Amino acid sequence: MAKKDLPQVETRLYINGKWIEGSEDKRPVINPATGETLIEVHQGGEKETNTAIEAAAAALPTWSAMAPSERAELMNKMADLVEEDAERLATIMTMEQGKPLSQAKGEIQTNVENLRWNAAEGQRVMGEIIPSPATNQWQVRKQPVGVVGAITPWNFPSNMIVRKISPAIAAGCTVVLKPAEDTPLSALALMELFDKAGFPEGVVNILLGDAATIGEILSESDTVKKITFTGSTEVGKTLNEQAAPTLKKVSMELGGHAPFIIFPDADLELAVETLVETKFGNNGQVCTSPNRIFLHKDIKDKATEMIVEKVKAVTVGNGLDDPTTGPLINQEGVEKVVEQMEDATAKGAKVLVGGSEMNEGEYANGFFFEPTVLDGVTKDMDIFYKETFGPVIPLIEFDDEEQVIEDANDSEFGLASYFFATNIHTIDNVSNKLEYGMVGVNDTEISNSATPFGGIKHSGFGRENGTYGVEEYVVVKFVTIRTAK
C-alpha cells in the first residue's frame with residue numbers, strides 16, 4: 001500500500017474569521033486504510049458553539065445586505081482556490097476517509113461546480129409584483145432566512161459541506177458548520193480557502209467537537225433560523241425534535257435503500273456495468289447506493305453471471321493507490337456488513353463471490369470487506385430492509401412489473417431508485433409509481449448542481465442543488481403598499 005505524508009492542514013476551529021484552539025481534549029483522525037493516526041484536531045463544546053452562533057448573527061446584517069453580485073464574486077474566487085488546490089484537498093480526503101484518489105478528485109471538482117452554479121443562482125433569487133387594485137402595489141420579496149446550522153456526514157466530507165454552504169451564502173445567510181467527527185480535515189482545508197478568499201468575519205464558521213452536544217445547541221438556538229443535516233434517519237429525527245420548539249426551517253437528507261431493477265428488455269451490458277460502477281463508488285458508503293437488486297427471471301441467470309464476472313475484477317486497497325474501491329470508514333462499518341451477511345446466509349442466501357472481512361497482509365490494520373455478490377435474497381432477511389453501507393450486491397428475482405414496483409417501494413426510505421428498461425410504457429409506469437424523491441432510468445447520475453436532490457418518507461425532506469436548493473435558504477415576505485387614497 002502507498003505511503004504518503006499528510007499534507008499540511010489546519011487543526012483548530014475557525015470562528016469569526018480567526019483560528020482558535022478548542023477547550024476540549026483533542027481527537028485523533030484515523031486513516032481507515034491503515035489504522036494509523038494521521039493527526040489530532042482541536043475540539044470545542046458549548047462555549048465555542050455559542051461563540052460561533054453569535055459571530056454568524058453579527059455578520060448577517062452586512063452579508064445579507066451585500067449585492068448578490070459581490071457575494072458571487074467571492075464565491076467564484078473560492079471556486080478558483082478549490083480548483084487550484086484540488087490535489088491537496090483530494091489527498092487529505094482519501095487519507096482520512098478512504099475513498100480512491102480519483103473519486104476524491106471528482107468530489108473536489110463537484111465542489112467547484114456547486115460554488116459556481118450557486119454563485120450565479122444567488123443572483124436570480126427574484127420576487128414578483130402581483131396584479132393588484134389600482135390603489136395598491138403588491139410585492140413578494142425573498143429574503144435570507146438568517147443564521148444556518150449545517151451538519152454534514154463523513155462519506156462525502158467535502159462536497160456535503162459545499163453543497164450546503166454554497167446556496168446558503170449565495171442567498172445571503174451566514175453559516176455555522178459542524179462536520180463529521182471521523183473526517184474533520186476536509187472541512188478544515190475548505191475553511192482555509194474560505195479564509196484565503198476573503199470572506200468577511202463570521203460568514204462561515206466551523207465547529208469540531210461532540211456531535212450530540214453541538215447539534216443540540218444549534219437545533220435549540222433561537223438565533224439559528226435553519227438546520228440543514230445530512231446523515232442517519234435516527235439522528236435526523238432527534239435534530240428535528242430539538243428544532244421543533246423554535247419552529248425553525250429544517251431540511252433533512254437522511255438514509256436510503258435504493259432499489260435497482262433490471263427489466264427483461266434492458267440493455268444488459270449497460271445495466272450491469274452501471275450497477276457495479278455505482279455500487280462500488282465510495283465502497284457502497286453512499287445514501288443513494290443500489291442496495292436491492294431486482295433481476296427479471298428471464299435475464300436473471302445471464303445478468304448474475306455478468307455481475308459476478310465484473311465484481312471479481314473489482315480491486316480493493318489504499319485509496320492512494322487508486323483501486324476500484326477502498327476501506328470502510330471504521331470497524332463498526334465492517335461489523336454492520338458482517339452482521340447482515342451472517343443473517344442472510346443463515347436464512348438461505350448464497351454467496352457467489354466475496355463475503356468475508358479482509359484482515360490479513362496489507363489489509364490487516366485497515367477496515368476492509370470483500371466485494372460481494374449475494375444471491376437468493378428474500379424479505380425475511382435484514383439486508384432487504386436495512387441500509388448496508390458496504391460492498392454487497394444482494395440479488396432478488398422477480399417476474400411481474402407491478403409486483404416488483406410494490407417490492408421496491410416496500411421500504412421506509414424514499415431517497416433514490418433506479419431501473420433499466422427500453423419499453424416506453426414500462427419507463428412511464430415505473431418512474432411514475434416508484435415512491436422515491438429521485439428516479440434514474442437507464443442512468444444513476446442523479447446528483448447534479450442544477451437538479452434537485454432529496455427524498456421522501458424516512459429519507460427526509462427539503463432539497464439540495466438546483467433552484468430548489470437556494471429556495472431552502474430564503475423566506476417569502478408579502479408587502480402591500482397603498483399608493484393612492
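## The seven-stranded sheet

In this predicted model, an open sheet is built from 7 strands in the order β14-β17-β18-β13-β12-β20-β21, and its pairing is mixed. The edges are held by β14 (350-353) and β21 (438-441); each has a single partner strand, so one side of each is left without a neighbour in the sheet. From one strand to the next, the twist averages 25°.

At one of these edges, β14 pairs with β17 (residues 372-375) in the antiparallel sense, over 3 bridges. Lys-350 has Asp-375 of β17 as its bridge partner. Helix α11 (residues 331-346) packs on the sheet and touches β14, β17 and β18 (392-398). The direction of α11 makes about 30° with that of β17.

## Helix α13 and its surroundings

Helix α13 comprises residues 401-409. Its buried residues are Val-404, Ile-405, Asp-407, Ala-408 and Asn-409. The elements that cover these buried residues include three strands named above in the sheet order, β12 (258-262), β13 (290-296) and β18. Also among the covering elements are the helices α12 (382-385) and α14 (424-433), together with strand β22 (456-457).

At the start of α13, Asp-400 places a side-chain oxygen within 3.2 Å of the backbone nitrogen of Glu-402.

## Aromatic pairs

Aromatic pairs number 12 in the structure. One of them joins Tyr-14 and Trp-19, with 4.8 Å from centre to centre and 50° between the planes, a tilted arrangement. Tyr-14 is buried, its relative accessible area being 4%. Trp-19 has a relative accessibility of 19% and also counts as buried, because the cut-off for that class is under 20%.

Trp-63 and Phe-199 form a further pair; their ring centres are 5.7 Å apart and their planes stand at 45°, so this pair is tilted. The pair links distant parts of the chain, as the two residues are 136 residues apart. Trp-63 belongs to helix α1 (residues 46-65), whereas Phe-199 lies in the loop between α6 (184-197) and β9 (204-206). Both Trp-63 and Phe-199 are buried. Together with Phe-194, they form one aromatic cluster.

## Cysteines

A disulfide is a covalent bond between the sulfur atoms of two cysteines. The structure holds 0 disulfides. Cys-173 is buried, with a relative accessible area of 0%. Cys-287 is buried as well, at a relative accessible area of 11%.

Technical notes:
Residues numbered from 1 in each chain as written. Predicted model: local features only at pLDDT ≥ 70, side-chain atom pairs only at ≥ 80, totals over all residues. Heavy atoms only, no water. Pairing = 2+ DSSP bridges. Helix = DSSP H or I, 4+ residues; strand = E, 2+ residues; numbered from the N terminus. Axes fitted to C-alpha atoms, helices over the stretch in contact; angles between N-to-C directions. Contact = heavy atoms within 4.5 Å. Disulfide = S-S within 2.5 Å. Buried < 20%, exposed > 50% of the residue type's maximum accessible area, 1.4 Å probe, protein only. Polar contact = N/O pair within 3.5 Å; in protein donor to acceptor, adjacent residues only side chain to side chain. Phe/Tyr/Trp six-rings, centres within 6.5 Å; stacked < 30°, edge-to-face > 60°.
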